[in-house]
Each structure stands twice: as structure tokens, then as C-alpha cells.
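Let's take a friendly walk through a protein model together. Have the sequence and the 3D view ready, and follow along at your own pace.

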Amino acid sequence: MDEKTNVMRILDQKKAKYKPYAYETSVAASGTEAADIIGVERSRVFKTLVTVGKSGVHYCFVVPVENELDLKKAAKAVGEKSIEMIKAKELLPLTGYVHGGCSPIGMKKFFRTTFHSTAAEYETIVFSAGKIGRHIEMNINELEKVIRFSLADITV
């Protein structure tokens with residue numbers, strides 16, 4: 001690994017165990033492409049999605065890359081009447097991350113975070129390390145050292 005991302009520095013600071021992955025790319029690979037590139041089962045690779053509720057509150061949802069976020073289930077999970085995905089141009093100013101490199105760790109401001117319930121079924125899961133071409137693999141119990149999150153069935 002040539003360089004640590006902000007996510008990795010935060011994990012190191014909290015003494016959370018993780019395994020880094022890096023690959024060269026000029027554009028964001030899809031989550032399934034990233035899984036294939038790093039050689040991890042697609043079901044263990046998760047993507048980070050940022051939404052806004054009817055109330056105006058932002059939320060972070062982390063779901064398997066092969067699945068889609070169910071907006072109704074997600075809204076119910078956070079107690080909103082409805083939620084919608086934020087516009088791509090809003091992602092960087094809101095989170096500090098670009099599309100394809102968004103991580104639930106280290107956003108400019110912490111948003112209530114919900115992982116799909118399957119995250120707890122695996123020994124480890126993989127998600128973005130905050131930069132395109134960088135991922136981390138870790139146990140969800142280690143993740144609890146770093147951020148607060150809940151688990152829910154939030155996919156279609």
C-alpha cells in the first residue's frame with residue numbers, strides 16, 4: 001500500500017484492525033468490478049450511499065454492491081416518512097468524498113449510519129477506504145470502535 005487514506009489514519013488512531021486493498025484505476029470501478037479486482041466475494045463488498053430524508057436530515061446507508069437500497073425500507077429504518085438519494089454534485093461538498101470513493105468513516109460530518117443486516121453475517125466485510133481504488137476489509141465489531149451504526153434489512 002503506497003499511501004494511507006484518511007479512513008486508514010482514523011482506523012489506526014482508534015487501533016481498529018483492518019486489511020487495506022489498492023488497485024490502479026483512472027475511473028471509479030463499480031462495486032462488483034472492485035470485488036473482482038481485489039479477489040473478494042461480491043457479497044462481502046459493500047457500497048456507501050448518502051441520502052436525505054423528508055425532514056432534511058442526511059443519512060448514510062451501506063449495502064452490498066450487488067444490491068440496491070430500498071428507499072422505503074431505509075426510511076422506515078431511520079424513522080423518516082421518505083428518503084431520496086442526494087444528487088451526485090452534492091456528495092463532495094457534503095461528505096468530502098467523491099462518487100466511487102465514499103466511506104462511512106471520516107465524512108466531514110457524521111451522519112446516522114445503517115449497514116445492511118448481512119454485514120453481521122460475515123467474518124469481515126469490505127468497503128471504500130475513502131478514495132477511488134482503495135478499500136478496507138474489517139470485522140464489523142472492529143468498526144464499532146470507530147463509528148456508531150445500526151443494522152437493518154434495507155435492500156430491495
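Which residues of helix H3 (residues 71-78) are buried? Keep in mind as you look that this is a predicted model.

## A helix with two sides

In helix H3, the buried residues are Ala74, Ala75 and Val78. Around the axis they cover an arc of only 100°, so they sit on the same side of H3. Turn to the other side of H3 and you will find Lys72 and Lys76, which are exposed. What do the buried residues of H3 pack against? Their partners are strand E3 (58-64), strand E4 (83-85) and E5.

Now look at the ends of this helix. Asp70 caps the N-terminal end of H3, with a side-chain oxygen 3.0 Å from the backbone nitrogen of Lys72. After H3 comes Gly79, and its phi is positive, near 75°.

## A sheet of three strands

Strands of a sheet pair through backbone hydrogen bonds, and they can do this in a parallel or an antiparallel way. Here, three strands form an open sheet in the order E1-E7-E6, and their pairing is antiparallel. Strand E1 (19-22) and E6 are the edge strands, each pairing on one side only. On average, and ignoring direction, neighbouring strands of this sheet are turned by 30° against each other.

How many bridges join E6 to strand E7 (residues 134-138)? There are five, and the two strands run antiparallel. To find one of these spots, start at Ser128 and look for His135, its bridge partner in E7. Helix H1 (residues 6-13) lies across E1, E6 and E7, and runs at about 30° to E7.

## Rings that pair up

Next, look for the aromatic rings: the structure holds three aromatic pairs. In one of them, the ring centres of Tyr59 and Phe61 are 6.4 Å apart. Their planes meet at 40°, which falls between the limits of 30 and 60 degrees, so this pair counts as tilted. Tyr59 is buried, with a relative accessible area of 6%, and Phe61 is buried too, at 0%.

Phe115 and Phe127 make an edge-to-face pair, 6.3 Å from centre to centre and with 75° between the planes. Phe115 belongs to strand E5 (residues 112-116) and Phe127 to strand E6 (residues 125-131), so their pair ties together parts that are twelve residues apart in sequence. Both Phe115 and Phe127 are buried. Together with Phe149, they form one aromatic cluster.

How values were computed:
Residues are numbered from 1 along each chain as its sequence is written. This is a predicted model: local features need pLDDT of at least 70, side-chain atom pairs count only at pLDDT 80 or more; totals for chains, interfaces and linings use all residues. Side-chain values use heavy atoms; hydrogens and water are left out. Rings of Phe, Tyr and Trp (its six-membered ring) pair if their centres lie within 6.5 Å; planes under 30 degrees apart count as stacked, over 60 as edge-to-face and the rest as tilted. Buried means under 20% relative accessible area, exposed over 50%, partly exposed in between (1.4 Å probe, protein chains only). Helices (H or I, at least four residues) and strands (E, at least two) are DSSP runs, numbered from the N terminus. Two strands pair if DSSP finds at least two bridges between them. Axes are lines fitted to C-alpha atoms, for helices over the stretch in contact, and angles run from 0 to 180 degrees between N-to-C directions. Contact means heavy atoms within 4.5 Å. The arc is that of the directions from the helix axis to the C-beta atoms. A polar contact is a pair of N or O atoms within 3.5 Å; within protein, one must be able to donate a hydrogen and the other to accept it, and residues adjacent in sequence count only if both atoms are side-chain atoms.
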